[in-house]
Amino acid sequence: MVNVINEMNLNFLSRSCNESFARATIAAFVSQLDPTIDELSDIKTAISEAVTNATVHAYKSGIGVIYISAKLYENGRAVIKIRDKGCGIENVEQAMEPLFTTGGSERSGLGFAVMQSFMDRIKVASKVGKGTTVTLEKYIIRRSVGNVR
């Protein structure tokens, strides 16, 4: 069993201005694993997409709360969960298809595809009327061990 070396929780309102806050906060937290600039950029991009999805799609009729939890493991794995209690996704498989969107012509429908391309693993769980959880996993190539206290 691989031990958790650190974990955090964060929640904030689903306002578009908080997307950069979430991205920067998770980047700072994951930096404990000493990622490369490319690895950190990948994580930041995926976080941006997940938070934007929650902001734009989950709470269409108003403002809600976005919850993020992150865990860092001894083996260099970072697991980040972005959760909302919004409207949920009716068909997750369809929503994950590139170019599919319920956001109208101003949305590209590439959010999940972008997350998949930048992360090692992505899992989406959703219930209509209850919300969605996006779990992102990334393995950081460890250059040193024991730099997290």
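How many salt bridges does the structure hold? It holds four, and this tour visits three places where they can be seen or where their partners do something else. Keep in mind that you are looking at a predicted model.

**Stop 1: the whole chain**

Start with a cartoon view of everything. You should find four helices and five strands. Trace the chain from its beginning and the elements come in the order β-α-α-β-β-α-α-β-β. Now switch on a surface: the protein exposes about 8200 Å², and carbon and sulfur atoms supply 50% of that. Of its 149 residues, 42% count as buried. If you like contact maps, take the contacts between residues at least 6 apart in sequence: 67% of them join residues at least 24 apart.

**Stop 2: strand E5 and its partners**

Next, select residues 131–139, which make up strand E5. This strand is mostly covered, with seven of its nine residues buried. Add E3, residues 77–84, to the selection. E3 and E5 are paired in the antiparallel sense, over eight bridges. To check the register, pick Arg-83, whose bridge partner in E5 is Thr-133.

Then bring in E4, residues 121–127. Seven bridges join E4 to E5, and these two strands also run antiparallel. Here a handy marker is Lys-127, which stands opposite Gly-131 of E5. Follow the chain around the hairpin of E4 and E5: three residues sit between the strands, and Gly-129 takes a positive phi near 80°.

**Stop 3: Glu-137 and its two arginines**

Stay on E5 and show the side chain of Glu-137, which is found in that strand. Is Glu-137 buried or exposed? Its relative accessible area is 9%, so Glu-137 counts as buried. Leave aside the neighbours within four places in sequence, and Glu-137 is in contact with Arg-77, Ala-78, Val-79, Met-119, Asp-120 and Arg-121.

Two of these contacts deserve a distance label. First, the side chains of Arg-77 and Glu-137 meet in a salt bridge, 3.3 Å from N to O. This pair links distant parts of the chain, with Arg-77 in strand E3 and Glu-137 in strand E5, 60 residues apart. Both Arg-77 and Glu-137 are buried.

Second, Arg-121 and Glu-137 form a salt bridge through their side chains, at 3.1 Å from N to O. Again distant parts of the chain are linked: Arg-121 belongs to strand E4 and Glu-137 to strand E5, 16 residues apart. Arg-121 has a relative accessible area of 47%, so this residue counts as partly exposed, whereas Glu-137 is buried. Because the salt bridges share partners, Arg-77, Arg-121 and Glu-137 are joined into one network.

**Stop 4: arginines over tyrosine rings**

Keep Arg-77 on screen and add Tyr-73. Arg-77 lies over the face of Tyr-73, at 4.2 Å from the ring centre. For another arrangement of this kind, select Arg-83 and Tyr-67: Arg-83 lies over the face of Tyr-67, with 4.4 Å to the ring centre.

**Stop 5: helix H1**

Now move to helix H1, residues 18–30. Show Glu-19 and Arg-23, whose side chains meet in a salt bridge of 2.5 Å, N to O. Why do these two sit about one helical turn apart? They are four residues apart in H1, which means a separation of about one helical turn. Glu-19 is buried, at 17% relative accessibility, while Arg-23 is partly exposed, at 26%.

**Stop 6: the aromatic pair**

With the rings displayed, look for the one aromatic pair that the structure holds. Phe-12 and Phe-21 form this edge-to-face pair, 6.0 Å centre to centre and with 85° between the planes. Colour the two by accessibility: Phe-12 is buried, with a relative accessible area of 8%, and Phe-21 is partly exposed, with 38%.

**Stop 7: the loop before H1**

Finish at Arg-15, in the loop between strand E1 and H1. Arg-15 counts as partly exposed, at 42% relative accessibility. Not counting residues up to four places away in sequence, Arg-15 touches Thr-55 and Ile-63. For a last distance label, connect the C-alpha atoms of Arg-15 and Val-56: these residues are 41 apart along the chain, and the atoms are separated by 9.0 Å.

Methods. Residues are numbered from 1 along each chain as its sequence is written. This is a predicted model: local features need pLDDT of at least 70, side-chain atom pairs count only at pLDDT 80 or more; totals for chains, interfaces and linings use all residues. Side-chain values use heavy atoms; hydrogens and water are left out. Buried means under 20% relative accessible area, exposed over 50%, partly exposed in between (1.4 Å probe, protein chains only). Contact means heavy atoms within 4.5 Å. Accessible areas come from the Shrake-Rupley method with a 1.4 Å probe; for residues, only the protein chains shown count as cover. Rings of Phe, Tyr and Trp (its six-membered ring) pair if their centres lie within 6.5 Å; planes under 30 degrees apart count as stacked, over 60 as edge-to-face and the rest as tilted. A charge sits over a ring if NZ of Lys or CZ of Arg is within 6 Å of the ring centre and within 35 degrees of the ring normal. Two strands pair if DSSP finds at least two bridges between them.
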